[in-house]
Amino acid sequence: MTVSAYNFAYLDEQTKRMIRRAILKGLAIPGYQVPFASREMPMPYGWGTGGVQVSAAVLVPDDTFKVIDQGADDTTNAVSIRRFFEKTAGVAVTDDTAKASVIQTRHRIPEMPLRADQILVYQVPIPEPLRFLEPSEVETRKMHSLEEYGLMHVKLYEDISQHGAIATAYAYPVKVEGRYVMDPSPIPKFDNPKLTMDAIQLFGAGREQRIYALPPHTQVVSLDFEDFPFEASKADHACDLCGAVDSYLDELIVDDAGGRLFMCSDTDYCSTRRAAGHVGAQGVPVKEDVA
Amino acid sequence: MTPLLQVEAVSKFYGARIGCTDVSFDLYPGEVMGIVGESGSGKSTLLNCLAGHLPPDAGAVRFDTRADGLRDTVTMNEPERRMLGRTDWAFVHQHARDGLRMNVSAGGNVGERLMAVGARHYGDIRNTATDWLGRVEIAADRIDDRPSAFSGGMQQRLQIARNLVTGPRLVFMDEPTGGLDVSVQARLLDLMRGLVREMGLSAIIVTHDLAVVRLLADRLMVMKDGHVVETGLTDQVLDDPQHGYTQLLVSSVLQV
């Protein structure tokens, strides 16, 4: 079958309408998990099938699309999803956060603040924040509907009693507009404060068949204790390539002697800064890098 | 005096079979009521109906709520009923595994009800949990151990601590001493008797162990085939049983 035999953005129009209805409901009830009829996609579950379906439903022909995986534009998952939509939707693609109108992400929020005309689509493996505390979906849905969230704090209590601090570092539970407790997908808790933003945020879980959403400027509060307040943590270091002190860092082991390098996990942010002349402790000026 | 719990003609059927039928009684504050009967006599069905775990098919269960006085918990909406279940009511299961979170530490188990009603200060929660572990004779240094590392008796005591931490007014107990050896049973009974007196709790205890009701219960209700066949003061029922089944039950106790 040729590529042109596909409908725009792979999914048929009826499916996209179904997903858009779920998205609208999700936006109307921020943080609420809306069930939807997730389709088989030409990639395995766990590779972002939820995010891909949401992206397919919101993309229009004049969109510019960006995909990041752990902040990077050039990892397998990001490259394959970007190419998928290049082929099936023919949309323009970019690495540049500022130029993108739809950004699909796995495990990160871009460092650069997003604007009101952008949409951020998350890939979500497990949408239910209470899953590992209460295995019954019937029971967790009842807990959501009756706002019984004491159990969520039991998890944080256990963290403190075992590790002396809240050790949950990613997928850190949040409360949305004082109502629903939500799993922000496995983003580092460093990104939690950014969840209140100007752009629309859509969350798609393909295997679990759930969509949820945060409209712009939604109040999102990370759960904590009065005497153990939430802290957005990152490696206590500056980026070794671009020198940024405010970005989330990856730690790389670079040789057999245990030498290490910290670099921005958001590759676009890092390269933009380097192009502007910022150089980190182990970085080299951009011109030599290119040569 | 207003009864704490007013049960009126409660019936529960499983299809054509009777779970329990036409049970009525009043329970006053500070009173402990025992329900005895053989297996399958409807004791646990009745208890689950009273505690809101099962919807009865007929009848009313009125509880003296703090805010609005007597309210029928059967027709009450679910959030309100579940709120009662976390605050004014406590339910002690026969098997501690049913009433505990086995993969959460002892402190977390005790703290859960506090956090469920809004406690958000780790230090305070931990202090309360430590205090309650002490009250049920669990060493404070076991606070971070999981219940799976506890003996059966300790698990049962932990379950009691977890239930009583929010200061409930009514405790439902389903065979609280079942499956424990006699010396552990004796200590548990001693502990429960102390707590009930000290906190002025009302309790409904379902058991088939007459020694348990003799020690704990003020009043006794004997059930057979879903019906209540005899009620009265515990000593009166046990020392001078009137109904044939009660006589059989009392005479069946092994004498050592």
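**Exercise 1. Work out how much surface chain B exposes, and what supplies it.**

Solution. Chain B exposes about 11,000 Å², and carbon and sulfur atoms supply 49% of that area. The areas come from the Shrake-Rupley method with a 1.4 Å probe, and for residues only the protein chains shown count as cover.

A quick note before going on: this is a predicted model, where local features need pLDDT of at least 70, side-chain atom pairs count only at pLDDT 80 or more, and totals for chains, interfaces and linings use all residues. Residues are numbered from 1 along each chain as its sequence is written, chains are lettered from A in the order in which they are written, and side-chain values use heavy atoms, with hydrogens and water left out.

**Exercise 2. Describe the build of chain B and decide how compact it is.**

Solution. Start with the parts: there are ten helices and ten strands in chain B. Helices (H or I, at least four residues) and strands (E, at least two) are DSSP runs, numbered from the N terminus. Next, compare sizes: the radius of gyration is 18 Å, close to the 18 Å that the globule rule gives for 256 residues, so chain B is as compact as a globular protein of that length. That radius is taken over C-alpha atoms, and the rule is 2.2 Å times the number of residues to the power 0.38. Finally, look inside: 52% of the 256 residues count as buried, meaning under 20% relative accessible area, with exposed over 50% and partly exposed in between (1.4 Å probe, protein chains only).

**Exercise 3. Find out how chains A and B meet.**

Solution. Count residues: 22 from chain B and 21 from chain A take part in the contact, which is defined by heavy atoms within 4.5 Å. Now the area: about 1,900 Å² is buried between the two chains, and carbon and sulfur atoms give 56% of it. Buried area is the accessible area (1.4 Å probe) that two parts lose on being put together, summed over both. On the chain B side, Arg82(B), Arg120(B) and Tyr122(B) lose the most area to chain A, together 39% of what that side buries.

**Exercise 4. Place Asp225(B) and say what its phi looks like.**

Solution. First, locate Asp225(B): the loop between strand E9 (219-224) and strand E10 (227-233) of chain B. Then check the backbone: Asp225(B) has a positive phi of about 50°, although it is not a glycine. Last, the cover: with 47% relative accessibility, Asp225(B) counts as partly exposed.
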